[in-house]
Amino acid sequence: MNIVRFAPSPTGNVHIGNIRTAIFDWLFARKTKGKFLLRIEDTDKERSTREAIDRLLECMEWLGIDYDDDIFYQSSQEDAHRDAAKRMMEEQNAYYPNVENSDLPKPIIFRIPWNSESYQNVRIVGNVELNVCADKPVEITQGGVKFSYLNEKNKVVENFFALAGYRKLRLFGSDDTLVFEIENHIDEVLKDNKNFTFNGCKKIAYERREVFYNDMIKGELSKPLDSMKDFVILRSDGTPVFHLANVCDDITQKVTHIIRGDDHVENTYKHIFLFDVLHYPIPKYAHMPMIVNQSGKPYSKRDGDAFVGDFKEKGYLPDALFNYLSLLGWSPGDNREKMSRKEMIEAFGLDRVKSAPAQFDVVKLQNMNGLYMAELEDSAFLDMARREASKQGWGEAVDKEVFEKVAMLMKTRTKIISQVSDWKYFFFDNSPLFDMSTEYNLSSKSFPYDDKALKKAFKEETFIKAIASFRDNIEKQQQLECPADFEAVIRDTEKQCSLSEGKLNQSLRVALTGSTSGANLADTMFILGRERTCARIEKLLTIILSSKF
RNA sequence: GUUCCCAUCGUCUAGAGGCCUAGGACACCAGGUUUUCAUCCUGGUAACAGGGGUUCGAAUCCCCUUGGGAAUACCA
């Protein structure tokens, strides 16, 4: 059975990059009928908080990302981590660093294994010869090989990488004589902790090897061993560092597939050795592309906008966010975009995940959200709208029944619930342009005109005259008891002004709402009523005739 | 500095050597929206980063360049 895990560290707010990783892990687990485990990596006690954990859990629940088994807290595993480090020491896969002042507590450092020709993930790639700077010493210690060489730009580059990167290392003096052969002295370095320093060396030669693995998303990836360093696994205070804890826990939790962000590929090369040394088969790896923000930069926890909870706060629907995020770096391969969980699970596969980073686009998210909004039950939508209007500070001020009517009219064209602020033109007449003297001092405007729409709608004088006639007709009209009555007046006015049917719609809409899109015009007028309809037209005429636009 | 990764419209993407005059979605622009009325409709602009190969044929394979990103911690 496949076992995957989502392993966030609760040191801040979960951002969309994190949660997108969780989504892919979850999708993979559900698709393959495996397990999706949640592990909280709280070993950084300074920065981990209970609050962050609670918020994370809340976000996951909101998005419907359910996990199997109990939550696994990494902090509960410290003994296991220390044991593992101890075992590595015993098996000489780890060591204490050489330091002058030996009274201080020492960390434990993991050694990239010297003897790794039997490792399935290590291979020889060729022989290397480098001209070293003779005026700089070549040092060989437990920690690795240190020397300096001249790069292509003739700059001195200092090199210090793990011992394991230098199998068959040979050092040559200025007269090309062999001064040192590492294979003859390796036990002295490894076991007796002996150091070698050579001055005046001219050339260094060794066999280059590399670690490699097959990434389920990115294909075969590799890294030369002479670009890797030994690394600390247990701090001098006895606490485990990320690499150790992470790998130990994956072993404890029997994780089979590690699906995580791109920023971990480099760690993978280290972890492969750790798994090996701990005698555990290397899991399958899949590294997902990062999500970048509007300016094309990677999201960090500092990006306030990216906190998942904020999307909830702003009124996004969880299914919409989930759906949108799943489409960042993955696609089902056909033209489907809006998909149910079931469809996504069925279509999901790591082989279809891209390896290029994806930019987060709020506008498209909003559109996706609108698709989900339209599917909401009327009552659920109404509840959301009421809450939102209250939150915006005007919900209590309006008639409940009218509000309900408006909500039903606007439901299918609401992309995100905060757009209920656009409905204010149904209720209020005050705005910079529409100063109808009502007491209305809310911070946001009720309905400023769309300038472009205004110009377009009244480009021709006919329309100015026509809406004036319409106002006259409405004032005269006895029967105005349903939207159809308004509709009839619109049609009559069109005839009267020799306009073809429907031609007057746009101008009237702009006059009444300030915008080119909205609910059905007659419905809108019916809700506004005779008085306000006339008053708005009157006001607009004043504006136009005084050439304010 | 070193190592590694990435590159199709503004954005998300389709693309497995010939179905590509490069498809879809969002955004944008232009029109239209009386009827049975909205997840409004119709149309349009817009991309294979550049240069070399390989091949009868390249968005697709190889190399180089450029540009972006990551890692290089006693953070995770």
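Visitor: Which hand is the crossing where H8 passes H10?

Guide: Right-handed, in this predicted model.

Visitor: At what angle do the H8 and H10 axes cross, roughly?

Guide: Roughly 135 degrees, and the axes of H8 (residues 318-326) and H10 (residues 362-374) come within 8 Å. That angle makes H8 oblique to H10.

Visitor: OK, which residues in H8 and H10 meet?

Guide: From H8 you have Asp 319, Ala 320, Leu 321, Asn 323 and Tyr 324. They meet Lys 364, Leu 365, Met 368, Asn 369 and Tyr 372 in H10. By class, that contact of H8 with H10 comes to six nonpolar, two polar and two charged residues.

Visitor: Switching to the RNA. How many residues surround RNA strand B, and which are the closest?

Guide: There are 59 residues around RNA strand B, and the closest are Arg 235, Gly 329, Glu 501, Gln 506 and Asn 520. Of the strand's atoms that come within 4 Å of the protein, sugar and phosphate account for 75%.

Visitor: What does the surface near RNA strand B have by class?

Guide: It has 22 charged, 20 polar and 17 nonpolar residues.

Visitor: And which element gives the most to that surface near RNA strand B?

Guide: H10, with five residues. So H10 turns up twice here: it gives the most to the surface near the RNA, and its axis comes within 8 Å of the H8 axis.

Visitor: Which others supply at least two residues each?

Guide: Besides H10, there are strands S14 (219-224) and S19 (358-359), plus helices H5 (242-252), H6 (265-277), H13 (451-457) and H16 (505-513).

Visitor: What about the polar side-chain atom of Asn 367, where does it lie?

Guide: It lies 3.4 Å from a sugar or linking oxygen of RNA strand B. For Arg 47, an N or O atom in the side chain is 2.8 Å from a sugar or linking oxygen of the strand. With Ser 331, the partner is a phosphate oxygen, 3.3 Å from a polar side-chain atom.

Visitor: Back to helices. How do H5 and H6 pack, at what angle?

Guide: About 55 degrees, with their axes 10 Å apart. H5 and H6 are therefore oblique to each other, and their crossing is right-handed. On the H5 side the contact is made by Phe 242, His 243, Leu 244, Asn 246, Val 247, Asp 250 and Ile 251. H6 brings Asn 267, Lys 270, His 271, Leu 274 and Phe 275.

Visitor: How do the residues of that contact of H5 with H6 divide?

Guide: Six are nonpolar, four polar and two charged.

Conventions:
Residues are numbered from 1 along each chain as its sequence is written. Chains are lettered from A and ligands numbered from 1 in the order in which they are written. This is a predicted model: local features need pLDDT of at least 70, side-chain atom pairs count only at pLDDT 80 or more; totals for chains, interfaces and linings use all residues. Side-chain values use heavy atoms; hydrogens and water are left out. Axes are lines fitted to C-alpha atoms, for helices over the stretch in contact, and angles run from 0 to 180 degrees between N-to-C directions. Helices (H or I, at least four residues) and strands (E, at least two) are DSSP runs, numbered from the N terminus. Angles under 35 degrees count as roughly parallel, over 145 as roughly antiparallel, 65 to 115 as roughly perpendicular and the rest as oblique. A crossing is left-handed if the near helix is turned anticlockwise from the far one by less than a right angle, and right-handed if clockwise. Contact means heavy atoms within 4.5 Å. Ala, Val, Leu, Ile, Met, Phe, Trp, Tyr, Cys and Pro count as nonpolar, Asp, Glu, Lys and Arg as charged, and the others, Gly among them, as polar. A residue is near a molecule or strand if one of its heavy atoms lies within 4 Å of it. A polar contact is a pair of N or O atoms within 3.5 Å; within protein, one must be able to donate a hydrogen and the other to accept it, and residues adjacent in sequence count only if both atoms are side-chain atoms.
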